[in-house]
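Visitor: Can you walk me through this one? I'd like to start with the small-scale layout and then move to how the parts meet.

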Amino acid sequence: MNNEKLLDILSDIDDSLISDALQNEKAEIKRISEK
Amino acid sequence: MDDGLIIELFRKQDNSAITEADKKYGKLLMKLAIGILCSKEEAEEVINDTLLAAWNNIRNNPPDNLQAYLCKITRNLALNKFRSSKAKKRNSEYVLSLDEMGDIFSEADSTEEIFFSKELQNFLFGFIKALPDEQRRIFLRRYWFFDSIKDIAASWGISESKAKTLLFRTRKKLKEYLEKEGFNI
């Protein structure tokens, strides 16, 4: 239960950190589409 | 399409808002929902509900960051659906992530549930913000987006064992940080 709550309270993290974590996602999609 | 334009479409209640948001973020949201639910059908329902929520709410409360806004709705809806589902989803990346978090909170040893205060949340966010860039991104990709270890390794061009080690070290650091800050975990 505690582990579940820990992952739950992460939900409200700053929007900027969410987008920042996706930087690689963009690079990866770009890399695949350029092939 | 630029996020600002998509938000404007939602504000004007233009039907193409849904199409454009789905076109731009549908795959990302699907990956996030599948990581939790392990079911394409259920994930599709969550994406539809996410876009409906955006349709109903953005006109009065437009977000600053559309990508994060949609991801947060999808994550919360998928977690709610996961809990209400009776089916066991042992292979869900969310379930695997929960197991890994056992490093921090040992369920077997805990006699009482930790009080999850706003203070703990602030310390947790402070810890994550202070992590080196790559470590922070990998941590969030695993425990916020529930990406598989395989996907993380591929995205960063590292081996799966290196990705696991990085995550293990971050969890260890988090446990030590919370203990040092006086959280009895």
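Visitor: How many helices and strands does chain A have?
Guide: This is a predicted model. In it, chain A has three helices and zero strands.

Visitor: And what pattern does chain A follow along the sequence?
Guide: Chain A reads α-α-α.

Visitor: What share of its residues count as buried?
Guide: Chain A has 35 residues, and 49% of them count as buried. Its accessible surface is about 1900 Å², with 53% of that belonging to carbon and sulfur atoms.

Visitor: On to the contacts. How many residues of chain B are in contact with chain A?
Guide: On the chain B side there are 42 residues, in contact with 26 residues of chain A.

Visitor: What area is buried between the two chains?
Guide: About 3500 Å² is buried between chain B and chain A. Carbon and sulfur atoms give 57% of that area.

Visitor: How many salt bridges are there between them?
Guide: Five salt bridges are counted between chain B and chain A. One of them joins A:Asp20 to B:Arg136, where the closest N and O atoms are 2.8 Å apart.

Visitor: What about residue pairs in polar contact?
Guide: Between chain B and chain A the count is 16 such pairs, taking residues at pLDDT 80 or more on both sides.

Visitor: Which helices of chain B supply that side?
Guide: Those that each supply at least two residues to the side of chain B touching chain A are H2 (16-37), H4 (66-84), H5 (93-100), H6 (118-130), H7 (133-143) and H8 (149-156).

Visitor: Which gives the most?
Guide: H4 of chain B does, with eight residues on the side that touches chain A.

Visitor: Changing topic: how many disulfides are there over all chains?
Guide: A search of the whole structure finds zero.

Visitor: Why is B:Cys38 not bonded to another cysteine?
Guide: Because its closest cysteine sulfur, in B:Cys71, is 19 Å away, which is too far for a bond. The cut-off for a disulfide is 2.5 Å between the sulfur atoms.

Visitor: And B:Cys71, what is the nearest cysteine sulfur there?
Guide: That of B:Cys38, 19 Å away, and B:Cys71 is in no disulfide.

Visitor: Are these two cysteines buried or exposed? Start with B:Cys71.
Guide: B:Cys71 is buried, with a relative accessible area of 0%. B:Cys38 is partly exposed, at a relative accessible area of 42%.

Definitions and conventions
Residues numbered from 1 in each chain as written. Chains lettered and ligands numbered in written order. Predicted model: local features only at pLDDT ≥ 70, side-chain atom pairs only at ≥ 80, totals over all residues. Heavy atoms only, no water. Helix = DSSP H or I, 4+ residues; strand = E, 2+ residues; numbered from the N terminus. Buried < 20%, exposed > 50% of the residue type's maximum accessible area, 1.4 Å probe, protein only. Areas by Shrake-Rupley, 256 points an atom, 1.4 Å probe, with all protein chains shown as cover. Contact = heavy atoms within 4.5 Å. Buried area = accessible area lost by both parts, 1.4 Å probe. Salt bridge = Lys/Arg side-chain N within 4 Å of Asp/Glu carboxyl O. Polar contact = N/O pair within 3.5 Å; in protein donor to acceptor, adjacent residues only side chain to side chain.
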